[in-house]
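Work through the exercises below with the model open. Try each task before reading its solution.

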Amino acid sequence: MNFARLVPSLWKDPEFKEIVKMGPSHLVLAFYLRTNRFANMLGLYEVSTYHMAKETGLGEDAEKILSELIEADYCRYDPESEFVWVIGMANMQVPKPLTWKQKKGIRNQLVRLITESDCPFVELWQAKYKSLTLDMEQEIRDGIYCTDANEKEGRR
């Protein structure tokens with residue numbers, strides 16, 4: 001991801017206010033999870049706790065802080081697959097209204113997460129963001145990817 005949107009209204013978000021109350025180290029890790037080089041607009045990606053610790057300067061405290069962010073419902077983390085889901089990230093990163101090209105990008109990212117990796121959070125993500133995944137479930141089960149030809153013809 002070349003950039004991440006951090007909007008001023010983030011500071012008014014009740015969930016984020018709770019993270020601020022947790023302290024500066026929690027804020028550092030929360031921002032890292034939204035802006036690191038592995039992140040994408042969906043908030044579903046692979047990142048190790050090693051990278052979290054090293055790149056934030058939190059060191060050994062990173063895992064404890066991560067578990068506290070999980071308890072606060074900010075994110076989910078699977079240590080076995082090293083996948084993270086930053087739960088509210090798509091709300092901020094995915095532009096609205098979506099264009100066809102953006103829908104295609106979301107669809108293709110989810111298909112890759114399902115077919116090419118071991119991301120344990122895709123179904124939870126789809127349940128939360130149903131408005132971004134309309135008409136996708138059957139296509140994903142059938143292995144249908146969006147193509148430029150489909151786009152030009154005005155198909156899904």
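The exercises cover fold order, burial, salt bridges and a charged patch.

This is a predicted model, in which local features need pLDDT of at least 70, side-chain atom pairs count only at pLDDT 80 or more, and totals for chains, interfaces and linings use all residues. Residues are numbered from 1 along each chain as its sequence is written, and side-chain values use heavy atoms, with hydrogens and water left out.

**Exercise 1. Lay out the elements of the chain.**

Solution. Start with the counts: the chain has 9 helices and 3 strands. Both are DSSP runs, numbered from the N terminus: helices are H or I with at least four residues, strands are E with at least two. Next, read the order from the N terminus: α-α-β-α-α-β-β-α-α-α-α-α.

**Exercise 2. Describe the span of α6 and list its buried residues.**

Solution. Take the span first. α6 has 16 residues and reaches 22 Å from its first C-alpha to its last. That is close to the 22 Å expected at 1.5 Å a residue; the expected span is 1.5 Å times one less than the number of residues. Now burial. Buried means under 20% relative accessible area, exposed over 50%, and partly exposed in between (1.4 Å probe, protein chains only). In α6, K104, I106, R107, N108, L110, V111 and L113 are buried. For the chain of 156 residues, 43% count as buried.

**Exercise 3. Place Y129 and decide: buried or exposed?**

Solution. Locate Y129 in the loop between α7 and α8 (137-142). Its relative accessible area is 4%, so Y129 is buried. Then check G88: Y129 and G88 are 41 residues apart in sequence, yet 9.8 Å apart in space, C-alpha to C-alpha.

**Exercise 4. Analyse the salt bridge of E55 and R37.**

Solution. Apply the criterion: a side-chain nitrogen of Lys or Arg within 4 Å of a carboxyl oxygen of Asp or Glu. The structure holds 4 such bridges. E55 and R37 meet at 2.6 Å, N to O. E55 lies in helix α3 (residues 49-56) and R37 in the loop between α2 (24-35) and β1 (44-46), so the pair ties together parts 18 residues apart in sequence. E55 is partly exposed at 35% relative accessibility; R37 is exposed at 55%.

**Exercise 5. Compare the settings of K64–E68 and R76–D73.**

Solution. K64 and E68 form a salt bridge at 2.8 Å, N to O. Both lie in helix α4 (residues 61-71), 4 residues apart, about one turn of the helix. For R76 and D73, the closest N and O atoms are 2.5 Å apart. R76 is partly exposed at 26%, and D73 is partly exposed at 38%.
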